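Please open the model in your viewer and keep the selection panel to hand, since this tour goes from one selection to the next.

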Number of protein chains: 2
Amino acid sequence: MRHESVGRPRSSSRNTLEDAALELFLEQGYSSTTIEHITRRAGVSRNTFFNYFEAKSDLLWLEVDAGIDRMAEELDAVPLDVSPIATLRDVMVRVADEVGADRVPLALTQGEVMRSQGEAVTSGLTRFARRADVLAGFLAPRFGTVRNDLAILAASNALAGAISAAWEVWARDGISRRPLADYVAEAFDLVVTGVAGSLDRRFPRSTHREQ
Amino acid sequence: MRHESVGRPRSSSRNTLEDAALELFLEQGYSSTTIEHITRRAGVSRNTFFNYFEAKSDLLWLEVDAGIDRMAEELDAVPLDVSPIATLRDVMVRVADEVGADRVPLALTQGEVMRSQGEAVTSGLTRFARRADVLAGFLAPRFGTVRNDLAILAASNALAGAISAAWEVWARDGISRRPLADYVAEAFDLVVTGVAGSLDRRFPRSTHREQ
DNA sequence: TTCTATTATTGGTCTGAGCCCATTATTACC
DNA sequence: GGTAATAATGGGCTCAGACCAATAATAGAA
């Protein structure tokens, strides 16, 4: 279990900025914290912020971003001739397994952020897009096609969506939550084996079948 | 085939703005067109823009937004006791069928926008989120659960992702594209019947099976 | 037609994100 | 100690998006 970018001082400024931002977001909320506030507390200049982050909202998704990076690395190392779907599941569960119970993205805990429906949602979806992109890059060659193929794109988007749902529900389940890997596995399997069957199996006595 | 909000003058200002924006985007690209440019050409004040749109990027997704609105309406009218997945498919295909071959969202045709990876992506994903939300609201009660359930969220996200893929590939296929409904049906079925089986069926001699 | 209530449009102003570029510090390496 | 690469900064700029109060326009009742 290698923690790629955890513990190691990627950069002192970067960590300082993350810490300052965390404090400020908790103190006064996300939207009323400006980048200048953050850099001032971190003791650096405003411009330095943009040496480490592309956007303020990056700070809300540090854990997710790290997870996607890890996923991309692991997938890169997978040989071409193994079963892609099974491998994908392994990798996703393994990466999720490295995420500690306390490493919840701020975006999913800060009530204000979640309710605002604005920047948080869109910034979160940026992660979805990146994940989908990584998945398409992994799947396409393994099914002997290109990443623009409808089937590949649909599958990648669907899987990325499922993983997003896993993170979201995991975060919302609060302190009593099970490990993220459980949620990821469940969501992944649902999409891989088919939404129709999965839902029917999971909710066998649902309304539409009783009529 | 009712075109909900086409042809009827929703508002003259609104249509004028849409037209002006289309012209300007084609002339000088999206990012170098400011809201002020648009309103000036439309002959209204800058503030009027925000009476009709929440963001500049709304103009890139008019057709998709209309499609989601239609979908939401249709789903609202569906009784609780019919098969939800089959109904969903019907509705999605029907709504897609109303989209003319020329009604491609600007976001998906403007090369500049697609390549920028910035605002366009995130604004597109806002649509994804709305669609997923509508789907969750439809599915949850029909499977006797709440919209926060992992299975419901994962399924909704997965389906929304598949539909996004369908729009994207449809747009990219250019003038020779088949009707959007074809793409939607294919992507939808892929997720409903399962990614694993669908990909294997579609790419039967793929690399990992030859080894 | 005139008055009125509602809705659309506008002017003015403000914050803050994100970008750019040139300059200065810092660090690492020889 | 000197040099080259990298990190940090200063300063300035554009523009989206928000807010609010004021003014038109319009529809509807009388």
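Begin with the two protein chains of this predicted model and select the residues through which they meet: 52 residues of chain B are in contact with 54 residues of chain A. On the chain B side, the elements that each contribute two or more residues are α5 (84-97), α8 (119-142), α9 (150-172), α10 (180-193), α11 (195-202) and α12 (207-210). Colour α9(B) separately, for this helix gives the most to that side, with 17 residues. If you then colour the chain B side by class, you will find 30 nonpolar, 16 polar and six charged residues.

Next, superpose the chains. Chain B can be laid on chain A with an RMSD of 0.1 Å, by a turn of 180° and a shift of 0.0 Å along the axis, and this is the relation of a two-fold axis. The same surface serves both copies, in that 100% of the contact residues of chain B recur in chain A.

Now select the largest nonpolar core, which has 124 residues; A:Ala166, A:Val191 and B:Val191 are those with the most contacts inside this core. Centre the view on B:Val191 and ask which residues B:Val191 is in contact with, leaving aside its neighbours within four places in sequence. From chain A they are A:Ala154, A:Ala158, A:Val191 and A:Val195, while from chain B they are B:Ala158, B:Leu159 and B:Ala162.

Turn then to the DNA, starting with strand C. Here 14 residues surround the strand, and the closest are B:Ser13, B:Val44, B:Ser45, B:Asn47 and B:Thr48. The elements that give two or more residues to this surface come from both chains, namely α2 (35-42) and α3 (46-52) of chain A together with α3 (46-52) of chain B. Highlight α3(B), which gives the most to the surface near DNA strand C, with three residues. Coloured by class, the surface near DNA strand C shows four nonpolar, seven polar and three charged residues.

Finish with DNA strand D, where, of the 14 residues around the strand, A:Ser13, A:Val44, A:Ser45, A:Thr48 and B:Ala55 come nearest. Select α3 of chain A and α2 (35-42) of chain B, each of which supplies at least two residues of the surface near this strand. On the surface near DNA strand D, α3(A) gives the most, with three residues, and the classes there are three nonpolar, eight polar and three charged residues.

Notes
Residues numbered from 1 in each chain as written. Chains lettered and ligands numbered in written order. Predicted model: local features only at pLDDT ≥ 70, side-chain atom pairs only at ≥ 80, totals over all residues. Core = buried A, V, L, I, M, F, W, Y, C linked by C-beta atoms within 7 Å. Buried ≥ 20, exposed ≤ 12 C-beta atoms within 10 Å, placed from the backbone. Contact = placed C-beta atoms within 7 Å. Least-squares fit on C-alpha atoms with pLDDT ≥ 70 in both. Near = placed C-beta within 6 Å. Helix = DSSP H or I, 4+ residues; strand = E, 2+ residues; numbered from the N terminus. Nonpolar A, V, L, I, M, F, W, Y, C, P; charged D, E, K, R; others polar.
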